[in-house]
Each structure stands twice: as structure tokens, then as C-alpha cells.
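This report walks through one protein model, from its overall make-up to two helix packings and two single residues. Please keep the structure open while reading.

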Amino acid sequence: MIASVSGRVAAVSPDGAVVEVGGVGLAVQCTPGTIARLQVGESARLATSLVVREDSLTLYGFADDDERQLFELLQTANGVGPRLAQAVLAIHPPREVRRAVSMADVKALMQVPGIGKKGAERLILELRDRLGVTSTDTQLDGAAPAGLPAVTPVAPWRDQLASALVGLGWTGKEADAAIGQLAPLADEQVTSTGSVEVAVLLRQALRLLGRS
């Protein structure tokens, strides 16, 4: 198993990045939040998980080891594959995932594209005793610990999208302009699915910025 990669970031795309390790460029699939932290030409370390299939080898990258471990644990639940596990982490940070599972917050989990009510309930049932919630994640009554901001169940898609666009080389002003144009599309996603798919919005934003 490839537990991590460290090297120069050779390329960044809406779905991932290429990291040069020992003269070899490794393609790594990442969430928009992780992509936003990468800069082409700079060194980076990504915690990784290698998913082996009969016809493919896919390397998934994460900002830290905690995200990678949660990614792998999510896949132990029935019906959860690597893409759905990555989608969970694209919408919610690890702290919020643990909170949602421990507090049986079905609505928060349903914000992830591909997870319906039954899927959310199954995740809670299968992972509640395995995910665990540390004292820094949440208090027993579900309130945020002193000194930590309360966790909101609404995915901060605007912040994720802005960070990803700036990470890809656009200015903050350009990112804000694209986000303004995409707001109606995001509202449609929420109305029809109950969630916002940041990866889809990122591709749309890149098309808009490319035309400009």
C-alpha cells in the first residue's frame, strides 16, 4: 500500500493532481478542498490510499492521515465504494462526519450526492461504534466544545469552490465572479437533490473562466 506521497506538484486539475516522486509522476484523485491546498511547482505531501481493481489502480490523496483513515473506514460500510467515500469527505470534514454519525444526523449525511435516507441510516448503523468521536470533535450533548466553532450541517460550497479556484491559479476576484454566476446552479442542485456537488460546480467555473 502507498500510504503517502511527497514531491513537487507537477499539475493540478479539478479532480486531482500529479505529484512527481523519484522522477515518476503519480496521478492522485483528490477532493476540491485538498486540491485547493496544492500549488504547481511547490512541494507537497499527501496521505494516500491505493484502491486496486481488476482493471485499474487508483491512488486517492488526502490533506492528512486522519482523512485517509476515515476514507478507508467509510468503505467498510455496505454499499460504500471509494468514490462515495471521497464524496463524503468532499462535502464534510472528518470532524463533521464523526459528529453526524454519532448523533444520527441523517440530514447531514444526505447532503452527500449518492446518499439517500436509507443509505445514511445504514452508515450510522454500521459505523457508529467504529468511527468514534474524540473530545475535540463534539461534546456528549452534541454541542461544540469551548473554543471551537459550532459545526454547521450545511456544506460551505462557496468557500470550497473559491479555495479550489485560487489554488488552480485564478484570482480571488475572478473566483468570486464565477461563483456569483454559478449560484443559481447551486440553488437548483439543493432544490433537486438536497446537496451541492462541488466537483460539478468547479468544472462549470473553469469553463466560465476559460471563456473569459
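**Handedness first**

The crossing of α2 and α6 is right-handed. This is a predicted model. The contact between α2 and α6 involves six nonpolar residues, no polar ones and one charged residue.

**Overall make-up**

The protein holds nine helices and five strands. Read from the N terminus, the order of elements is β-β-β-α-β-β-α-α-α-α-α-α-α-α. The chain counts 212 residues, and 42% of them are buried. Among contacts with a separation of 6 or more, 55% join residues 24 or more positions apart.

**How α2 packs**

Helix α2 spans residues 65-74, and α6 spans residues 117-131. Their axes come within 11 Å and cross at roughly 135°. An angle from 115 to 145 degrees is neither roughly perpendicular nor roughly antiparallel, so α2 is oblique to α6. On the α2 side, the contact uses Leu70, Leu73 and Leu74. On the α6 side, the partners are Leu123, Leu127, Arg130 and Leu131.

Helix α3 covers residues 82-91. The axes of α2 and α3 lie 9 Å apart, at an angle of about 135°. That makes α2 oblique to α3. The crossing of α2 with α3 is right-handed. Glu67, Leu70, Phe71 and Leu74 of α2 meet Pro82, Ala85, Gln86, Val88 and Leu89 of α3. By class, this contact has seven nonpolar residues, one polar and one charged.

Leu70 and Leu74 appear in the contact with α6. Leu70 and Leu74 also appear in the contact with α3.

**Is α3 enclosed or open?**

Nine of the 10 residues of α3 are buried, so this helix is largely enclosed by the rest of the structure. The buried residues are Pro82, Leu84, Ala85, Gln86, Ala87, Val88, Leu89, Ala90 and Ile91. Of these, Pro82, Ala85, Gln86, Val88 and Leu89 also meet α2.

**Two residues in detail**

Arg68 sits in helix α2. With a relative accessible area of 12%, Arg68 is buried. Which residues does Arg68 contact, leaving aside its neighbours within four places in sequence? They are Met1, Ala3, Ala47, Thr48, Ser49 and Phe62.

Ile91 belongs to helix α3. Ile91 is buried too, at 5% relative accessibility. In sequence, Ile91 and Gln111 are 20 residues apart. In space, their C-alpha atoms are 7.6 Å apart.

**The annotated spans**

An unreviewed UniProt entry carries the annotation "domain: Helix-hairpin-helix DNA-binding motif class". According to that record, the annotation covers residues 72-91 and 107-126. The table sets out the computed values for both spans.

| Span | Distance between end C-alpha atoms | Helix content | Strand content |
|---|---|---|---|
| Residues 72-91 | 16 Å | 65% helix | 0% strand |
| Residues 107-126 | 17 Å | 70% helix | 0% strand |

Ile91 and Gln111, the pair with C-alpha atoms 7.6 Å apart, can be placed against these spans. The record's span 72-91 takes in Ile91, and its span 107-126 takes in Gln111.

Key: Residues are numbered from 1 along each chain as its sequence is written. This is a predicted model: local features need pLDDT of at least 70, side-chain atom pairs count only at pLDDT 80 or more; totals for chains, interfaces and linings use all residues. Side-chain values use heavy atoms; hydrogens and water are left out. Axes are lines fitted to C-alpha atoms, for helices over the stretch in contact, and angles run from 0 to 180 degrees between N-to-C directions. Helices (H or I, at least four residues) and strands (E, at least two) are DSSP runs, numbered from the N terminus. Angles under 35 degrees count as roughly parallel, over 145 as roughly antiparallel, 65 to 115 as roughly perpendicular and the rest as oblique. A crossing is left-handed if the near helix is turned anticlockwise from the far one by less than a right angle, and right-handed if clockwise. Contact means heavy atoms within 4.5 Å. Ala, Val, Leu, Ile, Met, Phe, Trp, Tyr, Cys and Pro count as nonpolar, Asp, Glu, Lys and Arg as charged, and the others, Gly among them, as polar. UniProt positions are given in the numbering used here, feature names are shortened, and annotations may be inferred rather than shown by experiment. Buried means under 20% relative accessible area, exposed over 50%, partly exposed in between (1.4 Å probe, protein chains only).
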